[in-house]
Amino acid sequence: MKNSVLLSTLAVAAALTLVAAHLAIWLHAPVEATMGLVQKIFYLHLPLAWWALLSFFLVFVGSVGVLVRKTPVWDALAGAAAELGVLFSGLALITGSLWARPIWNVWWTWDPRLTTALIMWFVYMGYLVLRTSPIPEVKRRTLCAVLGIVAFVDIPLVFFSTRLWRSIHPSVMSSSGGGMEPEMWQAMGGSLAAVGLLWIVLVALRVRQILSQDRLDGLWAARL
Amino acid sequence: MPRFLVLARKDLGLMLGLGLGLAQTILLGLLIIFVFSLSLPVGETMTGQAAAAIFWLASVFGLVLLFNALYHLEEANGVRLGLLLAPISPGTVFLGKALAGAALLLLAQIFFLLGLVVFLGQSLYGQWASALGLVLAVDLGLVVLGSLLGALSQGQAARESLLSVILFPLLVPLLLGGVKLGGGLLSGVGFQDESQWLTLILAFDALFAAVALILFPLVFREG
């Protein structure tokens with residue numbers, strides 16, 4: 001009960017901060033001089049990408065938890081995080097592609113961050129395929145945990161290898177300030193927080209859902 | 001004889017004796033190389049990099065077929081339980097399978113290389129030692145992950161497609177290295193200032209060998 005109240009409060013907070021973030025994006029932050037309106041997509045693109053990366057880290061944490069503790073909670077956490085990671089990185093890829101078309105004049109180009117995101121999307125889609133495969137429950141948990149760890153270990157290697165290949169991504173974050181106005185930073189901060197809150201709510205809800213489903217399956221099996 | 005060698009010899013004997021897997025692997029690889037030769041206009045030769053990419057593509061498809069076949073050997077009649085009950089560690093099983101897989105993959109790759117020469121008009125320009133070194137370094141990473149994840153898809157209904165979907169994206173760093181360095185060799189320029197790629201390939205090998213040795217017992221016991 002207490003959890004439900006907390007989750008509802010968080011959900012309302014996420015909705016309100018999302019509205020506030022959008023007000024900041026469209027009204028507070030100035031229009032970028034060279035890229036124009038299309039640059040606004042950046043305020044969604046970056047939070048989606050960052051929270052997707054955190055999701056993948058959470059899959060790793062959940063997977064280690066499964067192997068150490070063997071409780072369903074860790075598996076549910078890894079599963080929920082993987083689903084959110086795939087969703088958010090997929091959206092980050094789509095928004096990135098929409099942004100790239102007018103700026104770079106291509107839908108897709110080889111770039112370490114782009115390519116890493118795409119490869120990670122493929123890796124974690126594979127993870128979700130394994131999760132939904134018809135495998136006995138206990139075995140499936142262990143196999144998914146192993147893949148969750150292997151996938152996370154692979155991320156830095158994928159990034160370095162794609163960087164060695166070639167790069168054209170704008171390094172907004174690495175240069176000092178990246179030429180962004182303070183208002184732009186504020187809008188970005190708001191958007192990061194809003195998408196983050198939404199992410200937390202969705203992960204928590206999905207974990208609860210997966211655990212409830214496990215319990216229902218258990219009850220149903222007991223009746224047979 | 002160390003026990004992993006006994007296991008590898010048993011698997012090799014079965015695979016070669018029964019003709020399981022290897023003939024299929026070579027056929028599929030040669031078909032892939034032949035089909036890609038259709039992308040060339042008459043009288044033109046493929047670039048070294050493209051040819052290297054096709055070589056590694058054939059190799060990873062072969063990897064999936066080989067490791068599925070290798071782990072399939074123990075599926076019938078609960079033989080896997082026998083392997084679990086045998087007084088050997090899961091690490092030994094992993095090494096045995098990886099070694100057998102590596103030997104079979106190398107055998108298949110000899111045919112793939114011939115395919116590159118015949119269908120795609122490639123040449124190694126006498127850089128045999130470098131080519132062998134590169135193939136061994138990349139194959140090490142391939143068989144380490146193949147052996148770990150092959151056990152993972154053991155007993156699944158759609159194991160070929162499952163293993164491909166899981167394995168291919170994970171192998172990207174290794175394949176990029178293989179394509180880059182292999183492309184240099186096939187273009188006749190050799191390894192030019194590519195030490196970073198070699199380091200990356202070796203880092204991949206070492207990292208996943210360690211991860212696989214830790215995680216394989218869990219996969220194999222649950223299997």
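**Salt bridges, buried charges and the interface between chains A and B**

At 32% relative accessibility, B:Lys10 counts as partly exposed in this structure, which is a predicted model. The side chain of B:Lys10 meets that of B:Asp11 in a salt bridge, with N and O 3.0 Å apart. B:Asp11, for its part, is buried, with a relative accessible area of 1%. This pair is a good place to start a tour of the charged residues, for which the count over all chains comes to 9 salt bridges.

Another pair in chain B joins B:Glu74 to B:Lys97, where the closest N and O atoms are 2.6 Å apart. B:Glu74 sits in the loop between helix 3 (48-72) and helix 4 (79-85) of chain B, while B:Lys97 belongs to helix 5 (residues 90-120) of that chain, so the salt bridge ties together parts that are 23 residues apart in sequence. B:Glu74 is buried, at a relative accessible area of 3%, and B:Lys97 is buried too, at 2%.

Turning to chain A, A:Arg206 and A:Glu83 form a salt bridge through their side chains, at 2.4 Å from N to O. Distant parts of the chain are linked in this way: A:Arg206 is in helix 6 (residues 182-223) and A:Glu83 in helix 3 (residues 72-104), 123 residues apart. A:Arg206 is partly exposed, with a relative accessible area of 23%, and A:Glu83 is likewise partly exposed, with 26%. Elsewhere in chain A, salt bridges connect A:Asp75, A:Arg131, A:Glu137, A:Arg140 and A:Arg141 in a network.

Some charged residues of chain A are buried without such a partner. A:Glu32, found in the loop between helix 1 (2-28) and helix 2 (42-69) of chain A, is buried but has no salt bridge. The nearest side chain of opposite charge to A:Glu32 is that of A:Lys40, 10 Å away; a salt bridge would need the nitrogen and the carboxyl oxygen to lie within 4 Å. The side chain of A:Glu32 does, however, reach the backbone nitrogen of A:Met35 at 2.8 Å. Apart from neighbours within four places in sequence, A:Glu32 is in contact with A:Gln39 and A:Met184.

A:Asp154, in helix 5 (residues 137-165) of chain A, is also buried with no salt bridge, and its nearest side chain of opposite charge, A:Arg163, is 15 Å away. Neighbours within four places in sequence aside, A:Asp154 is in contact with B:Pro169, B:Leu170, B:Pro173, B:Phe204 and B:Phe208. These contacts lead from chain A to chain B, and so bring the interface into view.

The contact between the two chains takes 29 residues from chain A and 29 residues from chain B. About 2600 Å² is buried between them, and carbon and sulfur atoms give 81% of that area. A:Leu157, A:Leu164 and A:Trp165 supply 25% of the area that chain A buries against chain B, more than any other three residues. Between chain A and chain B the count is 0 salt bridges, and the search for polar contacts across the interface finds 0 residue pairs with both members at pLDDT 80 or more. On the side of chain A that touches chain B, helix 4 (112-131) and helix 5 of chain A each supply at least two residues. Helix 5 gives the largest share of that side, 18 residues. By class, the side of chain A that touches chain B has 22 nonpolar, 5 polar and 2 charged residues.

Definitions and conventions: Residues are numbered from 1 along each chain as its sequence is written. Chains are lettered from A and ligands numbered from 1 in the order in which they are written. This is a predicted model: local features need pLDDT of at least 70, side-chain atom pairs count only at pLDDT 80 or more; totals for chains, interfaces and linings use all residues. Side-chain values use heavy atoms; hydrogens and water are left out. Helices (H or I, at least four residues) and strands (E, at least two) are DSSP runs, numbered from the N terminus. Buried means under 20% relative accessible area, exposed over 50%, partly exposed in between (1.4 Å probe, protein chains only). Lys and Arg count as positive and Asp and Glu as negative; His and the chain ends are not counted. Contact means heavy atoms within 4.5 Å. Buried area is the accessible area (1.4 Å probe) that two parts lose on being put together, summed over both. A polar contact is a pair of N or O atoms within 3.5 Å; within protein, one must be able to donate a hydrogen and the other to accept it, and residues adjacent in sequence count only if both atoms are side-chain atoms. Ala, Val, Leu, Ile, Met, Phe, Trp, Tyr, Cys and Pro count as nonpolar, Asp, Glu, Lys and Arg as charged, and the others, Gly among them, as polar.
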